[in-house]
Amino acid sequence: PPSMASGVDTSGVDNAELVGTMRRKKNVHGIFEDPWKAKVICWVSGRTLFLKPAGPPGKPQAQEALDLAEWDVEKGDKGKLTLQKKIGTGPPRDGRPASESGSCIHLRAESVEEAGVWL
């Protein structure tokens, strides 16, 4: 598969159509903490986007699987992507903002051009 990931553990991505790394925004962070410091390995297989924290090879990392039929993807400026859970496709948000309930995910590619590849 086309790969934009280098120097990170990419196990589990054997049948992916696209593989790369992006930065995931931490929605709750300290005032001096970089909200974009979390690097994640991303891959698309079928209609599913997988996200896994980028860690050293050999260290197990939990992964998320997002059915893209249940998410709207919007391109922002400076290589940013926002995934917004479609209404009626998951558990209710219980009044919390989307960014705190897991129904909104912010990712940032290394470049605007790379963000375009993910769309």
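# Close-up views of a predicted model

**View 1. Strands β6 and β7 as an antiparallel pair.** Strand β6 (residues 71-75) runs antiparallel to strand β7 (residues 80-85), and the two are paired over five bridges. This is a predicted model, in which local features need pLDDT of at least 70 and side-chain atom pairs count only at pLDDT 80 or more, while totals for chains, interfaces and linings use all residues. Residues are numbered from 1 along each chain as its sequence is written, and side-chain values use heavy atoms, with hydrogens and water left out. Strands (E, at least two residues) and helices (H or I, at least four) are DSSP runs numbered from the N terminus; two strands pair if DSSP finds at least two bridges between them. Across the β6 and β7 pair, W71 stands opposite K85 in β7. Four residues lie between the strands of this hairpin, and K78 takes a positive phi near 55 degrees.

**View 2. Strand β3 and its two partners.** β3 pairs with β2 in the antiparallel sense over seven bridges, and with β4, also in the antiparallel sense, over six bridges. On the β2 side, L18 stands opposite V44 in β3. On the β4 side, I41 stands opposite K52 in β4. The hairpin formed by β3 and β4 has two residues between the strands, and G46 in the turn has a positive phi of about 65 degrees.

**View 3. Surroundings of C42.** C42 lies in strand β3, which spans residues 38-45. C42 counts as buried because its relative accessibility is 0%; buried means under 20% relative accessible area, exposed over 50%, and partly exposed in between (1.4 Å probe, protein chains only). With neighbours within four places in sequence left aside, C42 is in contact with L18, V19, G20, M22, L49, F50, L51 and W118, where contact means heavy atoms within 4.5 Å. The C-alpha atoms of C42 and V13 are separated by 8.9 Å, and these residues are 29 residues apart along the chain.

**View 4. The nonpolar cores.** A nonpolar core is a set of buried Ala, Val, Leu, Ile, Met, Phe, Trp, Tyr and Cys residues joined through side-chain atoms within 4.5 Å. The largest one has 16 residues, and L49, L51 and W118 have the most contacts inside it. Two or more residues of this core come from each of β2 (18-24), β3, β4 (48-53), β7, β8 (104-108) and α2 (112-118). The most come from β3, which gives three residues. A second, separate core has six residues, including V13, A16, V19 and F50. In soluble globular proteins, nonpolar side chains tend to be buried together.

**View 5. Contacts of L51.** Leaving aside neighbours within four places in sequence, L51 is in contact with ten residues' worth of surroundings, among them V40, I41, C42, A62, L66, I105 and L107. The contacts of L51 also include R24, Q63 and E64.

**View 6. The aromatic pair W43 and F50.** One aromatic pair is found in a search of the whole structure. The ring centres of W43 and F50 are 5.2 Å apart and the ring planes are at 15 degrees, so the pair is stacked. Rings of Phe, Tyr and Trp (its six-membered ring) pair if their centres lie within 6.5 Å; planes under 30 degrees apart count as stacked, over 60 as edge-to-face and the rest as tilted. W43 is buried, at a relative accessible area of 2%, and F50 counts as buried at 17% relative accessibility.

**View 7. Salt bridges.** A salt bridge is a side-chain nitrogen of Lys or Arg within 4 Å of a carboxyl oxygen of Asp or Glu, and by this rule the count comes to six. One of them joins the side chains of R47 and D67 at 2.8 Å, N to O. R47 lies in the loop between β3 and β4 and D67 in strand β5 (residues 64-67), so this pair ties together parts 20 residues apart in sequence. R47 is exposed, with a relative accessible area of 53%. K86 and D72 meet in another salt bridge (3.9 Å, N to O). This pair links distant parts of the chain, with K86 in the loop between β7 and α1 (98-101) and D72 in strand β6, 14 residues apart. K86 is partly exposed at 29%, as is D72 at 38%. Salt bridges that share partners join K26, E33 and K37 into one network.
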